[in-house]
Amino acid sequence: MTNEEIKLFISAHIPAAIYEETGEFLNAIIPSEELLPIMKEMRSNRDLNFDYLFCLTCIDWKDHLMMVYHLTSKKHKHTLVIKAKITDVNDPKIETVSGIWKTAIFHEREVYDLFGVTFLNHPDLRRLFLMDDWEGWPLRKNYVDENMIEI
Amino acid sequence: MGLLGEDIVTEDGEFVINMGPQHPSTHGVLHLKIWLDGETIKRVQPHLGYIHRSIEKMSENLSYRNFIFATSRMDYLSAHINNEACALCVEKGLQIEATPRAQVIRILMAELTRLASHQLWWGCTGLDLGAVTPFFYAFREREAIMGIMEETCGARLTMNYMVPGGVMYDIHPNFQNRVKEVMKQVKDNLHEYFEILTGNVIFENRTKGVGYISAEDAISYGCTGPVARASGVSCDIRKWFPYEGYDKVQFDEILDTGGDCYARYMVRMKEMLQSVSIIEQLIDNIPEGDFQAKTKNVIKLPKGEFYQRVETARGELGVFIVSDGAASPYRIKYRSPNFSNLSAIEHMAKGAKIGDLIAIMATLDLVIPDIDR
Amino acid sequence: MDVSEKLIFPGQKHETADGGILITKLDDAINWARANSLWPLVFGTSCCAIEMMSAADAKYDWSRFGFEVARATPRQADLIIVAGTIVMKMAPVLKRLYDQMADPKYVIAMGACTISGGPFFYNTYSVVKGVDHVIPVDVYVPGCPPRPEALLHGMIALQEKIKNETYFGKKTKEAK
Ligand code: SF4
């Protein structure tokens with residue numbers, strides 16, 4: 001599918017989607033509540049068939065958090081970046097996609113660990129790298145740690 | 001009560017043991033919690049973070065020239081290729097390209113690194129499975145390659161040779177001769193590798209049919225590199241998204257359909273030959289010219305997001321830079337190959353014997369600091 | 001002194017008509033034996049571990065100095081070579097391993113990370129800034145990573161240190 005067709009497809013499901021094409025890939029920004037149904041569709045639709053989630057991360061923009069999903073299809077060779085905007089920075093929540101792509105189990109735990117995003121219905125949501133009693137979410141921009149020596 | 005303050009025997013009579021974080025066959029500080037029924041593995045749960053060095057946070061405060069060094073400490077066996085990925089990503093943001101000479105030098109260095117990495121892996125696989133000799137054979141050639149690295153880059157392991165726009169200095173005058181010598185040595189000796197381990201009955205019994213993963217699962221778990229290729233997933237970034245002019249050299253993407261430890265072993269062994277062939281094609285054809293394109297002293301990327309992927313010795317490394325126009329990245333994310341490969345271990349090890357877990361880990365070729373970052 | 005007369009074993013040689021006798025201090029004899037058979041614990045956490053492995057291979061060959069019996073369990077080791085960064089999650093494990101080793105025990109801190117946090121000193125939230133915050137260190141080997149020769153030098157320095165110790169009544173050092 002070309003980028004135009006993918007855009008049409010997403011817009012049919014989520015009219016509120018915004019697109020960005022300045023970068024390398026097509027970016028689609030959607031509200032976080034609508035993530036799961038569209039992701040399911042992305043994976044199962046035969047023309048889209050995004051079977052490979054190669055990067056999952058989060059960006060802290062201070063007033064909101066942005067989940068970023070890099071998807072590609074091994075069969076059709078098209079790539080798409082889905083971004084889900086989480087507006088509630090104090091208690092960020094989003095549906096897990098680990099039921100669709102298993103690699104998301106680890107990646108989402110990493111995001112939980114470093115950004116504090118809660119993934120609803122995640123099978124095993126614990127801290128991944130840091131100790132269980134660690135306080136704060138280190139990759140957030142407002143993270144303070146008195147042990148950290150800054151230049 | 002066990003180490004973590006939990007019961008050693010579960011209600012179903014399963015025995016819970018902890019492997020690592022200090023265990024010789026985990027190649028670093030990986031901690032696996034294993035549920036056993038007799039000798040059969042019921043469940044494996046990796047516990048990470050014993051070498052989480054906060055590289056991503058650190059990079060947010062470093063300039064675009066300086067953050068590159070930290071990546072050679074991530075996957076230190078593919079240090080060059082990691083550096084290359086970062087340099088390429090910054091170049092993508094600046095919309096420049098490395099000079100033709102630098103591109104060829106980069107490919108040569110990357111393939112030498114891949115070769116050295118696979119050699120170390122081969123030695124350690126032997127060591128893990130109880131054969132000590134491969135270690136010494138592998139290090140013989142590896143040391144020769146390290147010598148080349150030292151001569152040109154000034155360091156043996158963490159080279160920091162790539163800079164945005166090219167490479168840091170020109171190659172050593174001796175470089176071409178030395179590489180040719182070492183390639184001859186590698187080719188002459190590679191048959192020994194096969195003789196000593198590949199056909200060995202014990203080795204075959206320990207790896208064939210062990211740790212199977214299907215192509216579909218490999219994709220779902222995000223496996224890349226030799227792990228996925230051994231299951232028949234074509235995923236070589238050098239072929240699919242050529243960078244640095246990999247499209248101009250001849251090489252095959254090695255695929256296997258076995259999906260087990262033995263297939264992964266064979267894929268890596270054959271990849272070594274491909275790397276040798278790439279090096280031989282290029283070593284006499286290094287173009288003349290500058291080794292570095294002109295860049296500003298302080299690099300500032302335009303606002304935006306840049307993603308660059310490269311094929312390291314272990315799979316697909318992705319560098320994702322988010323820039324807000326300042327002199328250091330706003331956010332940086334490394335999509336490391338080992339991280340995803342490791343997540344498949346639970347799937348591979350289920351139902352295997354505990355001794356097989358060593359073979360599975362050995363053929364996954366894990367580098368733990370790359371997982372934890 | 002003629003080379004053939006130079007004693008490798010510490011002590012004094014007294015010639016007699018049919019050979020000779022050797023006089024030595026018990027301390028010297030014990031230390032001589034201890035210094036030349038240090039068994040390291042396999043403890044590599046990251047990049048420096050690869051250079052430690054290089055030191056074990058045929059080119060650098062640490063077995064020339066009696067280090068080749070690398071042990072996987074702390075209970076059989078005399079020496080712990082901390083090769084690689086120590087992070088906060090690992091620190092209790094390292095302490096535990098150190099505590100499990102039998103006295104007398106020694107520590108070599110290999111690499112910038114173990115000395116001060118090295119490249120990960122600034123702006124990191126999880127790195128221990130020097131392994132001497134956790135366990136006492138005998139020899140520091142700088143470098144990122146140190147070359148295998150540097151590690152060998154550090155090991156020989158440790159041997160020198162051991163040879164000058166009084167074995168009986170050796171006090172254990174306290175962590176700072
Ligand atoms: S000192 Fe350098 S090479 Fe050694 S562990 Fe630290 S970062 Fe790695």
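These numbered points describe chain A, chain C and the contact between them in a predicted model.

1. Secondary structure of chain A. Three helices and seven strands make up the secondary structure assigned to chain A, and reading along the sequence gives the order α-β-β-α-β-β-β-β-α-β. A run of four strands therefore stands between the second and third helices in that pattern.

2. Overall dimensions of chain A. For 151 residues a compact globule would be expected to have a radius of gyration near 15 Å, and because chain A comes to 16 Å, the value agrees with that expectation. The C-alpha trace of chain A spans about 50 × 30 × 25 Å along its principal axes.

3. Burial and contacts within chain A. Of the 151 residues in chain A, 56% are buried, and the area that chain A exposes is about 6,800 Å², with 50% of that supplied by carbon and sulfur atoms. When contacts between residues at least 6 apart in sequence are considered, 49% of those in chain A join residues at least 24 apart.

4. Charge on chain A. The side chains of chain A include 17 positive and 25 negative ones, and the centres of these two sets are separated by 7 Å.

5. Secondary structure and dimensions of chain C. Five helices and six strands are found in chain C, arranged along the sequence as β-β-α-β-α-β-α-β-α-β-α. A box of roughly 70 × 35 × 25 Å, taken along the principal axes, is filled by the C-alpha atoms of chain C.

6. Burial, contacts and charge in chain C. Buried residues account for 49% of the 176 residues of chain C, while the exposed area of chain C is about 8,200 Å², of which carbon and sulfur atoms supply 57%. Among contacts in chain C between residues at least 6 apart in sequence, 72% join residues at least 24 apart. Chain C carries 20 positive and 19 negative side chains, with 9 Å between the centres of the two sets.

7. The interface. On the side of chain A, 14 residues are in contact with nine residues of chain C, and the two chains bury about 1,000 Å² between them, 69% of it on carbon and sulfur atoms. Met131(A), Met148(A) and Ile149(A) supply 44% of the area that chain A buries against chain C, which is more than any other three residues supply. A colleague who wishes to inspect the contact might look at these three residues of chain A, Met131(A), Met148(A) and Ile149(A).

Note on methods: Residues numbered from 1 in each chain as written. Chains lettered and ligands numbered in written order. Predicted model: local features only at pLDDT ≥ 70, side-chain atom pairs only at ≥ 80, totals over all residues. Heavy atoms only, no water. Helix = DSSP H or I, 4+ residues; strand = E, 2+ residues; numbered from the N terminus. Rg over C-alpha atoms; globule rule 2.2 N^0.38 Å. Buried < 20%, exposed > 50% of the residue type's maximum accessible area, 1.4 Å probe, protein only. Contact = heavy atoms within 4.5 Å. Areas by Shrake-Rupley, 256 points an atom, 1.4 Å probe, with all protein chains shown as cover. Lys, Arg positive; Asp, Glu negative; His and termini not counted. Charge placed at Lys NZ, Arg CZ, Asp CG, Glu CD. Buried area = accessible area lost by both parts, 1.4 Å probe.
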